[in-house]
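Here are a few exercises to work through with the model open beside you. Try each task before reading its solution.

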Amino acid sequence: MIINNVKLVLDDQVVEGSLEMQNGVISAFADSRSQLPQALDAQGGWLLPGFIELHTDNLDKFFTPRPKVDWPAHSAMSSHDALMVASGITTVLDAVAVGDVRDGGHRLDNLQKMIDAIVNSQNAGLNRAEHRLHLRCELPHETTLPLFEKLMDTSVLSLVSLMDHSPGQRQFATPQKYREYYQGKYHMNDEQMDDFQEEQIALSRRWAQPNREAIAAHCRERHISLASHDDATAAHVEESRALGSVIAEFPTTEEAARASHNSGLQVLMGAPNIVRGGSHSGNVAAHHLASLGLLDILSSDYYPASLLDAIFRIANDESNAFSLPQAVKLVTRNPANALGLKDRGEIAEGKRADLVLARAHSDHYFVQNVWRQGIQVF
């Protein structure tokens with residue numbers, strides 16, 4: 001298979017030429033056009049490595065498309081997978097929450113069903129993207145550690161993140177922000193909110209730290225990549241580094257992002273934050289971190305198509321020093337390195353032929369075709 005007349009986004013430059021893939025890997029590429037008539041004419045589009053998504057909650061939406069509606073697992077998984085590849089994502093870590101079941105119990109009810117769907121569809125070769133598992137561990141709950149220990153040897157588990165969303169912690173360092181968010185989410189009156197807030201503070205004091213240390217120890221023993229979540233201070237970052245974290249998910253302040261970056265943790269921010277121009281919860285903006293050179297990885301979080309849009313926005317933003325190849329690394333090589341995936345994430349000979357052909361219309365960028373291991377999946 002040869003892709004011709006294409007702008008190849010390489011490690012440090014963009015060259016116009018052609019690429020050949022064979023037996024699932026990139027066998028050659030050149031800064032000249034192929035003369036073979038059977039080559040695919042890409043009509044001057046951009047050829048990027050397949051995107052690697054480390055944190056998406058998208059699967060939840062298909063298993064529970066409406067409150068109290070449970071969708072069949074095979075259909076939910078297939079629909080989710082189709083959206084992933086249509087967004088240019090060829091490796092995806094499906095994020096499943098462990099511990100916090102305040103939202104009516106749907107996450108707990110669906111927990112094993114979702115994990116079984118990921119594992120079974122991947123093992124059966126049904127997926128177009130490669131699906132792995134990301135366990136998001138909500139620490140202030142007595143159920144978190146026992147549930148994690150039941151799931152920690154799941155074959156496709158590739159990332160674990162440690163979260164504490166109780167009031168006074170990280171994302172909700174300001175109690176008023178906590179009240180606004182959860183009263184809006186769960187429709188509680190002031191008295192109900194007071195009781196809920198006191199309960200969450202008590203749970204955090206009892207369970208957060210022992211769960212944090214125990215889960216991190218399990219991850220170190222099994223060589224599972226570990227991520228912090230919503231760190232707000234340099235002290236948070238130091239604790240995360242000491243536990244063995246390699247990724248800092250969504251640091252909420254410039255202080256935490258800088259400390260993470262300087263400590264060798266890969267700073268992960270949401271691509272929707274780039275597209276929207278800021279954080280919906282009022283925390284530090286991803287584009288601000290990009291302008292400071294403190295952004296390492298982008299995640300689509302709740303909107304898969306945001307990855308492609310975000311990398312071109314960053315590359316075209318004169319307030320930072322990101323070239324297009326550097327912006328593309330935020331969704332390809334950098335997340336691959338964070339997980340130790342040495343076989344993908346860049347256009348290079350011998351690497352997996354996970355590729356995205358992107359085109360532009362006016363100021364909009366869209367995915368035209370996707371290949372995973374040399375097979376066209378979109």
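Contact here means heavy atoms within 4.5 Å. This is a predicted model, where local features need pLDDT of at least 70, side-chain atom pairs count only at pLDDT 80 or more, and totals for chains, interfaces and linings use all residues. Residues are numbered from 1 along each chain as its sequence is written, and side-chain values use heavy atoms, leaving out hydrogens and water.

**Exercise 1.** Find what I314 touches, not counting residues up to four places away in sequence.

Solution. Start at I314 and list its partners: I274, L295, L298, N320, F322, A327 and L330. Next, place I314 in the largest nonpolar core (buried Ala, Val, Leu, Ile, Met, Phe, Trp, Tyr and Cys residues joined through side-chain atoms within 4.5 Å; buried means under 20% relative accessible area with a 1.4 Å probe, protein chains only). That core has 40 residues, and I314 is among those with the most contacts inside it, as are L48, F51, L298, L308 and I311. Then look for the main contributor: helix 11 (residues 306-315) gives the most, with seven residues. Finally, another core of 31 residues lies apart from it, with F63, L133, L139 and L157 among its members.

**Exercise 2.** Work out how the buried residues of helix 2 are arranged around its axis.

Solution. First collect the buried residues of helix 2: A76, M77, H80, D81, M84 and V85. Viewed down the axis, they fall within an arc of 155° (taken from the directions from the helix axis to the C-beta atoms), so they line one face of the helix. Just after helix 2, note G88, with a positive phi of about 90°.

**Exercise 3.** Decide whether S245 is buried or exposed.

Solution. S245 has 8% relative accessibility, so it counts as buried. Leaving aside neighbours within four places in sequence, its contacts are L226, A227, S228, S240 and L265.

Key
Buried means under 20% relative accessible area, exposed over 50%, partly exposed in between (1.4 Å probe, protein chains only). Helices (H or I, at least four residues) and strands (E, at least two) are DSSP runs, numbered from the N terminus.
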